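Here is a structure to look at together, with some questions about why its parts are described the way they are. Let's take a look.

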Amino acid sequence: MKKGVPELLALDRAHVWHPYGPMPGRSDPYLVESARGVRLRLFDGREIVDGMSSWWAAIHGYRHPVLDAALAEQAGRMSHVMFGGLTHQPAIDLASTLVELAPDGLEHVFLCDSGSISVEVAIKMALQAQLARGHPARRRLLTWRGGYHGDTFHPMTVCDPDGGMHSLWTGVLPVQVFAQAPPAEFDPGYAAELEALVERHAGEVAAVIVEPVVQGAGGMRFHHPEYLRVLRRATEANGIFLILDEIATGFGRTGEFFAAEHAGISPDIMCVGKALTGGYLTLAAALCTGEVAAAISAGAGGGLAHGPTFMGNPLACAVANASLGLLADGTWRARVRAIENGLRGGLEPLRDIPGVADVRVLGAIGVVQLDHPVEMAAATAAAVAEGVWLRPFRDLIYTMPPYVADDEDVSRIVAGIAAAVAAG
Ligand code: PMP
């Protein structure tokens with residue numbers, strides 16, 4: 001039965017918990033009726049350009065005919081079968097393609113339900129492999145401040161201690177080793193400290209885990225790729241694994257297919273998610289080297305201690321294969337560059353507005369940082385009035401548009417950000 005907008009929003013307020021909010025929420029969410037291309041259609045008929053790609057995942061836009069067809073075709077065969085003792089072509093194709101696309105050395109793919117779970121699995125891989133190699137004391141993690149790796153418990157331990165609200169969890173979460181947040185430019189002093197920190201904690205650390213080049217939900221900060229080379233050398237020299245979380249950066253977002261390519265390095269373990277399915281379904285993966293897999297497989301457990309119910313979901317794998325197919329011709333690169341140019345040209349002038357602390361752009365990521373916390377409801381409403389969907393957080397108004405956003409869409413998004421800055 002079709003319900004009216006007031007009734008739907010009343011039921012939403014009564015029963016539906018939304019991200020990072022109290023119950024009921026502080027303000028009503030916007031009710032979406034459908035989406036197509038780069039546009040969300042609201043229930044009142046307004047169409048707004050999506051500047052968020054649904055939390056950075058919908059890189060091809062909505063209702064893409066190729067992705068829709070892949071999903072329908074797969075639903076006609078089977079939507080799901082368990083992965084224990086069974087396998088299927090969508091998962092086999094996906095794992096093989098990911099290995100082909102991933103940095104050298106990553107050979108094995110563990111399919112997971114979401115980004116946070118892939119980080120859990122990556123951490124478990126590192127801990128189990130260290131244990132199997134006879135280093136039971138190596139069970140902490142090392143990262144830098146300003147990061148974000150997910151909301152489940154172990155990923156939370158490596159999120160920025162302040163932004164990740166570690167104070168809420170004192171005594172609950174294991175305490176990890178933190179370096180200062182990486183500077184934007186290359187600073188040899190910082191690099192030396194980073195290297196020394198890894199060395200100093202080598203006896204108790206299983207892995208270093210970082211987001212390469214872009215720290216996303218932890219603060220939308222960019223850093224020099226040289227730091228990744230420093231971490232690669234330091235981890236290798238000390239028998240520690242390097243985990244790269246490419247959940248936000250993977251599949252072209254930063255201008256390279258994986259952000260690790262900016263540094264020309266390969267990690268021991270890598271997480272992907274978000275844009276993996278073109279934003280259609282929840283799916284992520286933890287990839288690892290033959291060495292990591294061999295250590296775990298020879299260890300006491302006899303295998304990796306993980307296996308969720310919806311592992312390798314065929315619908316998600318089929319749409320991921322279709323999404324990777326759309327990226328295969330490389331045309332995303334020119335689109336991302338065009339978005340980068342549009343965002344740079346459009347956002348740079350905002351630097352002079354009072355209240356703006358910084359403007360930065362990399363690939364299809366545009367960030368305006370304010371010198372105060374954003375008035376979220378006012379900023380969002382101002383962007384929507386300009387015909388743009390944005391979801392600011394903390395002191396950040398930013399966009400990660402779908403790659404199919406054309407120059408006009410990007411101009412609109414820039415106008416939406418300007419309006420959000422003025423209102424927020
Ligand atoms: N790692 C990074 C870098 C992320 O950006 C996110 C999600 N914002 C996650 C992990 C967690 O992914 P998910 O929300 O799918 O659990």
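## The ligand and its surroundings

In this predicted model, the shell around the ligand is made up of four nonpolar, five polar and three charged residues.

Q: Which residues surround the ligand?
A: They are Trp56, Ser114, Gly115, Ser116, Tyr148, His149, Gly150, Glu211, Asp245, Ile247, Ala248 and Lys274. Each counts as near because one of its heavy atoms lies within 4 Å of the ligand.

Q: What makes the pair between glycine 115 and the ligand a polar contact?
A: A backbone N or O atom of glycine 115 is 2.9 Å from a ligand oxygen atom. The cut-off for a pair of N or O atoms is 3.5 Å, so this pair qualifies.

Q: What makes the pair between the side chain of aspartate 245 and the ligand a polar contact?
A: Here a side-chain N or O atom of aspartate 245 and a nitrogen atom of the ligand are 2.6 Å apart. That is within 3.5 Å, so the pair counts.

Q: Why is aspartate 245 called buried?
A: Its relative accessible area is 5%. Buried means under 20%, so aspartate 245 belongs in that class. You will find the residue in strand S10, residues 241-245.

Q: What makes the pair between the side chain of lysine 274 and the ligand a polar contact?
A: A side-chain N or O atom of lysine 274 lies 2.9 Å from a nitrogen atom of the ligand, and the limit is 3.5 Å, so the pair fits the definition. Taken alone, the ligand exposes 390 Å², and the protein buries 81% of that.

Q: Why is lysine 274 called partly exposed?
A: The value is 29% relative accessible area. Buried is under 20% and exposed is over 50%, so lysine 274 falls in between. Its place is the loop between strand S11 (269-272) and strand S12 (284-289). The unreviewed UniProt entry annotates Lys274 as "modified residue: N6-(pyridoxal phosphate)lysine".

Q: Which residues does the UniProt annotation "binding site" cover?
A: In the unreviewed entry it covers Gly115, Ser116, Asp245, Pro308 and Thr309. They are spread over 195 residues of sequence and also in space, with up to 23.2 Å between C-alpha atoms. Of these residues, Pro308 and Thr309 are included in the lining of the second largest pocket.

Q: Why does glutamine 128 count as buried?
A: Its relative accessibility is 15%, which is under 20%, so the label applies. Glutamine 128 sits in helix H5, residues 115-132, and a polar atom of its side chain lies 3.0 Å from the backbone nitrogen of alanine 305.

Conventions:
Residues numbered from 1 in each chain as written. Predicted model: local features only at pLDDT ≥ 70, side-chain atom pairs only at ≥ 80, totals over all residues. Heavy atoms only, no water. Polar contact = N/O pair within 3.5 Å; in protein donor to acceptor, adjacent residues only side chain to side chain. Areas by Shrake-Rupley, 256 points an atom, 1.4 Å probe, with all protein chains shown as cover. Nonpolar A, V, L, I, M, F, W, Y, C, P; charged D, E, K, R; others polar. UniProt positions renumbered as here; feature names shortened; annotations may be inferred. 1 Å grid on protein atoms, 1.4 Å probe; cavity = no way out; pocket = protein on both sides within 12 Å on 5 of 7 lines; lining within 4 Å. Helix = DSSP H or I, 4+ residues; strand = E, 2+ residues; numbered from the N terminus. Buried < 20%, exposed > 50% of the residue type's maximum accessible area, 1.4 Å probe, protein only.
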